Amino acid sequence: MTAKGATDDARLGELAAELAGKASYATGARPFPRPVGDEECSALAAALAAQVDLGTAARARVASESGFTIACREGCNACCEVMVMVYRPEALAIARFLDRPENAAARAAFLAAYRPWRVAVGDAPERLTDRFVAGDPVGYDALHLLQFRRRVLCAFNHEGRCTIYPVRPLGCRNALALDTHELCAADHPSGRAPAALAFVPLDRFMQSATKVLRAAHNANRPSEERHRQESVCVAVHRITGD
Ligand code: SF4
């Protein structure tokens, strides 16, 4: 790592610690002392994603040593019918990725897929955001499940693969099915859900990373947009401006 890279990592670590320092920064009860800009938000999302990747690798080692088989494989998109919700830092990181010339094909594939995706999902993204902002976890979960059962593939999935794989949201990175992916789709006839593996260090990190992202979102957006967890497709489409 270069000296600048180490400095940037240290600075982002300090920012994450500050954002996590008070629960009220995430809930919005107390404003973060300074605005957090788009660049900082994007870098923060990337740093947290790198930490999650370390956690999922450690979980995979534990699973293997315990005799479990992780069913998730490249090209498997069984979980990409979930409507993934994000805060602005993750949306910014994806939008920046799509802005790079080398990712023009990924950007074009997303823009082509977005309109039919939007027609298929209707106003479900906005209703999910409304339930989240209203603090209604029961209504939110029910709507989320309903949407999952409609089996609409994420607009970032092109021909079975994630076009934004290096910058995919933390929730996608953390997805896991043991033994088989057959139970990942909604409404499997058996009624069973895929077997998961509790891995406390990663589970705890995911909780704290979500708080950091929420606090960064609140510090980045004007007050009326605080807490607006959104569909990743909607949020990125708005930022890319197409
Ligand atoms: S962002 Fe990528 S991994 Fe996540 S649901 Fe969409 S296509 Fe699948």
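The following conversation asks why certain descriptions are applied to this predicted model.

Biologist: What makes the arrangement of H4 and H10 oblique?

Modeller: The axes of helix H4, residues 88-99, and helix H10, residues 232-240, come within 9 Å and cross at roughly 55°. Angles from 65 to 115 degrees count as roughly perpendicular and angles under 35 degrees as roughly parallel, and the value for this pair falls in neither class, so H4 is called oblique to H10. The crossing of H4 and H10 is right-handed.

Biologist: Which residues of H4 and H10 meet?

Modeller: On the side of H4 they are Arg88, Glu90, Ala91, Leu92, Ile94, Ala95 and Leu98, and on the side of H10 they are Val232, Ala235, Val236, Ile239 and Thr240. Sorted by class, the residues of this contact are nine nonpolar, one polar and two charged.

Biologist: Why is H4 called roughly perpendicular to H9?

Modeller: The axes of H4 and helix H9, which covers residues 200-220, cross at roughly 80° and come within 7 Å of each other. Because the class runs from 65 to 115 degrees, an angle of roughly 80° makes H4 roughly perpendicular to H9. In this contact Arg88, Pro89 and Glu90 of H4 meet Leu213, Ala216, His217 and Asn220 of H9, and the classes are three nonpolar, two polar and two charged residues.

Biologist: How do you know whether proline 169 is buried or exposed?

Modeller: A residue counts as buried if 20 or more other C-beta atoms lie within 10 Å of its own, and proline 169 has 23 of them, so proline 169 is buried. Proline 169 lies in the loop between strand S3 (161-162) and helix H8 (170-174). Leaving aside residues up to four places away in sequence, proline 169 touches Val84, Val86, Glu90 and Val232. The C-alpha atoms of proline 169 and isoleucine 94 are separated by 8.5 Å, although these residues are 75 places apart along the chain.

Biologist: What makes glutamate 224 count as exposed?

Modeller: The limit for an exposed residue is 12 or fewer C-beta neighbours, and glutamate 224 has 6 inside 10 Å, so glutamate 224 counts as exposed. Glutamate 224 is found in the loop between H9 and S4, and its C-alpha atom is 39 Å from that of glutamate 74, with their positions 150 residues apart in sequence.

Biologist: Why does aspartate 179 still count as exposed?

Modeller: Aspartate 179 has 12 C-beta neighbours inside 10 Å, and because the limit is 12 or fewer, that value still falls in the exposed class. Aspartate 179 sits in the loop between H8 and H9, and its phi is near 75°, a positive value in a residue other than glycine.

Biologist: What is the phi of glutamate 159, and where does this residue lie?

Modeller: Glutamate 159 has a positive phi of about 55°, although it is not a glycine, and its place is in the loop between strand S2 (157-158) and S3. Glutamate 159 is exposed, because 8 other C-beta atoms lie within 10 Å and the limit is 12 or fewer.

Biologist: Which residues of H10 are buried, and what do they pack against?

Modeller: The buried residues of H10 are Val232, Cys233, Val234, Ala235, Val236 and His237. They pack against strand S1 (85-86), H4, helix H5 (104-121), helix H6 (124-133) and strand S4 (230-231). Just after H10, glycine 241 has a positive phi of about 75°.

Technical notes
Residues numbered from 1 in each chain as written. Predicted model: local features only at pLDDT ≥ 70, side-chain atom pairs only at ≥ 80, totals over all residues. Axes fitted to C-alpha atoms, helices over the stretch in contact; angles between N-to-C directions. Helix = DSSP H or I, 4+ residues; strand = E, 2+ residues; numbered from the N terminus. Left-handed = near helix turned anticlockwise from the far one by under 90°. Contact = placed C-beta atoms within 7 Å. Nonpolar A, V, L, I, M, F, W, Y, C, P; charged D, E, K, R; others polar.
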